[in-house]
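This report describes a metal site, a domain boundary and a set of charged pairs. The sequence and the model come first, and the text follows.

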Amino acid sequence: MIRLSFAALLLASALPAVAQSAPQPPVPRSAGTPYAARSLPDRIMLTPAADPSRGVAVSFRTDIAQAASEAQIAVAVDGPTLERQARTVSGQPGTRKDSANGPALYHQIRFTDLTPDTVYAYRLKGSAGWSEWLQFRTAATQAKPFRFLYLGDIQNGILTYASRVIRQAFHANGGIDLVLHAGDLAAQRDDLDHDDEWGEFNQAGGYNWSIVPQLPATGNHEYVDVTLPDGRESRALGPYFPLQFALPDNGAPGVQTTYFVDYQGVRFIIMDGTSAMDLGTMAAQTRWLDATLASSKATWNVVLFHQPVFTCARPDDTAEIKAAWKPIFDARRVDLVLQGHDHCYSRLTSEAGREASATARADGAVQGPVYVVSVTGSKMYGLNDRARTQPDKVAEATELYQVVDVDGDRLTFRTFTASGKLYDGFDMEKRADGNHLTDTTEPTIAIRTCTGAIGPDGGPCVARGK
Ligand SMILES: [Fe+2]
C-alpha cells in the first residue's frame, strides 16, 4: 500500500490545475457484479428468420471454455424424451468479447427447415453441459390470429424499473408471440458498465427473451461515438447489439440493422433512424422501405424504428424522417408506426390534432397510419407544447407496455401502465376503403401528466424538459 506523506499531499495541492489530469469517475457497476459468463449458456435471445414459419435464430453467451456453438432441437413432445428426437445444429465458433465481467464467448445458431405452426424445443451447450429445453412456436404460413408486445425504450433503470414492466406484460397477457423493441435497449454511455447493462437487459426479460422471437430496432444508444482515422467524430454500432441479435439479412443494402419479417398476416418493417440521419443511409433505406411496402401481401403493415416522426417531448419533430418516410407511410397506407426515443407516451392519428382526429372518427372517415411513442424504462421527458392538443392520448412520467392483437381484418391495440392498468386503446378495422378506428370501450384510468412540479403519482414530477 502506498502512503503519501503530508508534504507530498501539500505539494500536489499546490500544483497548477492544468498539471493535474481530471480524475475520471468510475463507471458504476450493477450491485453485486452478478454478470460474469458461466459454464452454462445465458443471454439467450431468440430472433425470427425472414420467414419465421421455417426458421429462427438464437444468440447466447458462454464462458471461454465452450468454443463450439452447439444446439439441439426437436419437435416438442409431451414426455421427457426430447433428447431422443433431437438433431444437433452447429454454428460458427463463438466470438470472444472481453468486458469488466471478464471474457465471454457469444454464439449464434440458425435453425432452418422447420415446420410451420409447430412447437419446437431447443437447448444450448455450455462447458458444464446443456441448458434447459426452451420452447417456441414457428409461425403459420398464412394469416392467423396472434398477439405481439411492443416496448419503448428500456434503456435506464433496466433491472430496477423496466423489469417489472416487462414481467407484468408477460404475466398478465398469455400468448405473446413476438416482442417489438423500439430501440435504446440499453443506455451505453456513462450511466452503468455496458456489459452490466446487457446483463440487466437479459435478467429483466429472463426466459421470455429465449422463447418468444424478438424484433429489435436500433436506437441512438445502440450506437457509440467513434473517431474516424481522419479525426472526424462519427458513430458506430456498439458491439453488443450484433452479438445479441441474429437478425434476418433482408434489409436495405448495407444497413444490417434494417430487416422485415412476415408473421401471420402482418409485415413488420424495421428501420434505423440513426443510420439514416447520421451515417448517410437515408436514401437507401427510403428506397427499400417503399419497395418493401410495395411488395407486401400482408393484411397489415407495421413499421418500427426509434426516432419519432411526431415527437411528444422535443421542440421539433424529426424533420429528416418526417420528410423522407411519412409520404411513403401515407401513400402505401401503413397501419401502425411504432417508435420510442421521447420517453413519453403519444398516440397520434392526425397531424391536425386530437379534435380533427375525433371528428374524422365520428364521421366514419378512413384513418391512419397511427403513430405511437412509448417508454418502458425509468428516464422520463416532459411533454412538449403540441402534445396537449395534437395526439389522441398522451402520458408523462409513466412506464408502459403495449399489447396488440391481430385477428384477420381487425387489430386491437391496448396500452397498459407498469402495474397493469389499461391506459389507452383502440380498434382498427380494415375495410375496402381503408382503416376505420374506434377508441376502446373498456374503461381506462385517468390521464397521467405532471401538474406543474407535481407528478401523476404525487411527489415530484420526474419528467424533465427536453
Ligand atoms: Fe432513449
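A residue is called buried here when its relative accessible area is under 20%, exposed when it is over 50%, and partly exposed in between. By that cut-off, Asp 342 and Arg 314 are both buried. The model discussed here is predicted.

**Salt bridges**

Asp 342 and Arg 314 also pair with each other: their side chains meet in a salt bridge with an N to O distance of 2.6 Å. This pair links distant parts of the chain, with Asp 342 in the loop between β18 and β19 and Arg 314 in the loop between β17 (300-304) and α9 (319-331), 28 residues apart.

A second pair involves Arg 347 and Asp 392, whose closest N and O atoms are 3.2 Å apart. Arg 347 lies in strand β19, while Asp 392 sits in the loop between β20 (370-373) and β21 (393-395), so the salt bridge ties together parts that are 45 residues apart in sequence. Arg 347 is buried, because its relative accessibility is 2%. Asp 392, at 12%, counts as buried too.

In the salt bridge between Asp 262 and Arg 267, the two partners fall into separate classes of exposure: Asp 262 is partly exposed at 31% relative accessibility, whereas Arg 267 is buried at 7%.

The table lists the salt bridges that are described one by one in this report.

| Acidic residue | Basic residue | N to O distance |
|---|---|---|
| Asp 342 | Arg 314 | 2.6 Å |
| Asp 392 | Arg 347 | 3.2 Å |
| Asp 262 | Arg 267 | 2.7 Å |
| Asp 195 | Arg 43 | 3.2 Å |

Salt bridges also link Asp 317, Lys 322, Glu 351, Asp 385 and Arg 386 into a network. Over the whole structure, the search finds 32 salt bridges.

**Iron site**

Which residues coordinate the iron ion? The donors are Asp 153 (OD), Gln 155 (OE1), Asp 184 (OD) and His 343 (NE2), at 2.1 to 2.4 Å. Along the chain they follow the spacing D-x1-Q-x28-D-x158-H. Asp 184 is in the loop between β11 (176-181) and α4 (194-205), and His 343 is in the loop between β18 (336-339) and β19 (345-348), so these two donors tie together parts that are 159 residues apart in sequence. Asp 184 has a relative accessibility of 1% and therefore counts as buried. His 343 is buried as well, with a relative accessible area of 2%.

The arrangement of the four donor atoms is irregular, because the angles they subtend at the iron ion run from 88 to 173°. For a tetrahedral assignment, all angles would have to lie between 85 and 135 degrees.

**Domains**

The domain assignment gives domain 1 (42-137) and domain 2 (146-439). Their C-alpha centres lie 27 Å apart. At the boundary, 25 residues of domain 1 are in contact with 28 residues of domain 2. About 2,300 Å² is buried between the two domains, 58% of it on carbon and sulfur atoms. On the domain 1 side, Arg 43, Met 45 and Pro 48 supply 27% of the area buried against domain 2, more than any other three residues. The count of salt bridges between the domains is two.

**C-terminal segment**

Thr 451 is found in the segment after β25 (434-439). Thr 451 is exposed, with a relative accessible area of 60%. Its C-alpha atom is separated by 29 Å from that of Arg 167, a residue 284 positions away along the chain.

Note on methods:
Residues are numbered from 1 along each chain as its sequence is written. This is a predicted model: local features need pLDDT of at least 70, side-chain atom pairs count only at pLDDT 80 or more; totals for chains, interfaces and linings use all residues. Side-chain values use heavy atoms; hydrogens and water are left out. Donors are N, O and S atoms within 2.8 Å of the metal (3.2 Å for Na, K and Ca); water is not among the atoms, so sites may look incomplete. Four donors count as tetrahedral if all angles lie between 85 and 135 degrees; four count as square planar and six as octahedral if opposite donors are over 155 degrees apart and all others between 65 and 115; anything else is irregular. Helices (H or I, at least four residues) and strands (E, at least two) are DSSP runs, numbered from the N terminus. Buried means under 20% relative accessible area, exposed over 50%, partly exposed in between (1.4 Å probe, protein chains only). Domain bounds come from an automatic or database domain assignment. Contact means heavy atoms within 4.5 Å. Buried area is the accessible area (1.4 Å probe) that two parts lose on being put together, summed over both. A salt bridge is a side-chain nitrogen of Lys or Arg within 4 Å of a carboxyl oxygen of Asp or Glu.
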